[in-house]
Amino acid sequence: MLNIAVLVSGGGSNLQALINAVEAGGINGRIVTVVSNKPGVYALERAKKHSIPFKVIPDGKDFDSLLVAHLKENKADLVVLAGFLRILGKEVLDAFPKKIINVHPSLIPSFCGDGFYGLKVHRAALDYGVKVTGATVHYVNDITDGGEIISQKAVCVKPDDTPETLQRRVMEEAEWVILPQAVADICNKERKDRKDG
Ligand code: GRF
């Protein structure tokens, strides 16, 4: 069973989707720690309500080394960035090769990369006038939102959408679906690999 670490920075709705999937038996893994780079965010309340250990590592020059130490201490097999708004440095990427995944609220390669996060992504999609957007789960590498794509789900843009209504629908219809599914698939593949020896 994989040890899953979830990194957050805000409301934690994607963390909640993961918790719900684990508790419903849809993910053959355990969330061993939730790490936030911001204190007092609601994602930490969600962890507390579900008795999941959590830790705040404040933004700063030693963030990456403290994070690597914490992840190793918790024997993390998979690191999930769920609404996590910080770029991870080489030290973290090298410590967890192809073991870090992220959910981005657009269909990469559209509306992604440096500066595209949260509502800014949906504002750019509306400004461009796209009729379809969605979410992407991808591996994390040294290029912002540039890692191998794992899965995507499309969401229609409505004529009266605002960035807020579009963000909500992309979360509900796409992020909260494909992130737990991606984690479940990775856990199942690892379980099969271990059985096959
Ligand atoms: C979501 O739009 C997510 O795609 C982005 O951050 C926003 C908040 O995520 N990465 P959460 O509610 O904190 O999971």
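The following exchange asks how terms used for this predicted model are justified.

Reader: What kind of model is this, and how are residues counted?

Author: This is a predicted model, in which local features need pLDDT of at least 70, side-chain atom pairs count only at pLDDT 80 or more, and totals for chains, interfaces and linings use all residues. Residues are numbered from 1 along each chain as its sequence is written, and side-chain values use heavy atoms, with hydrogens and water left out.

Reader: What makes a residue one of those around the ligand?

Author: A residue counts as near a molecule if one of its heavy atoms lies within 4 Å of it. The residues that meet this are Gly10, Gly11, Gly12, Ser13, Asn14, Ala82, Gly83, Val103, Pro105, Gln167, Met171 and Glu175. By class, they are four nonpolar, seven polar and one charged. Nonpolar means Ala, Val, Leu, Ile, Met, Phe, Trp, Tyr, Cys and Pro; charged means Asp, Glu, Lys and Arg; the others, Gly among them, are polar.

Reader: Which helix gives the largest share of that shell?

Author: Helix α6 does, with three residues. Both α1 (13–23) and α6 (163–196) supply at least two. Helices (H or I, at least four residues) and strands (E, at least two) are DSSP runs, numbered from the N terminus.

Reader: Why is the approach of asparagine 14 to the ligand called a polar contact?

Author: A polar contact is a pair of N or O atoms within 3.5 Å; within protein, one must be able to donate a hydrogen and the other to accept it, and residues adjacent in sequence count only if both atoms are side-chain atoms. A backbone N or O atom of asparagine 14 lies 2.9 Å from a ligand oxygen, so the pair qualifies. The side chain of glutamine 167 has an N or O atom 3.4 Å from an oxygen of the ligand. For glycine 11, the distance from a backbone N or O atom to a ligand oxygen is 3.5 Å. Taken alone, the ligand exposes 360 Å², and the protein buries 88% of that (Shrake-Rupley method, 1.4 Å probe; for residues, only the protein chains shown count as cover).

Reader: What makes the space taken by the ligand a pocket, as opposed to a cavity?

Author: On a 1 Å grid over the protein atoms alone, a cavity is a set of points where a 1.4 Å probe fits but cannot get out, whereas a pocket is an open set with protein on both sides within 12 Å along at least five of seven lines. Lining residues have an atom within 4 Å of a point. The ligand's space is the largest pocket; a molecule sits in one if more than half of its atoms lie within 2 Å of its grid points.

Reader: How much space lies in the largest pocket, and what lines it?

Author: About 780 Å³ lies in the largest pocket (grid points are joined across faces, edges and corners, and a volume is the space filled by probe spheres set on the points). It has 36 lining residues, and the closest to its centre are Gly83, Phe84, Leu85, Asn102 and Tyr117. The lining divides into 14 nonpolar, 17 polar and five charged.

Reader: How many polar residues line the second largest pocket?

Author: None: its lining has five nonpolar and six charged residues. About 190 Å³ of space lies in the second largest pocket, and α6 gives the largest share of its lining, four residues.
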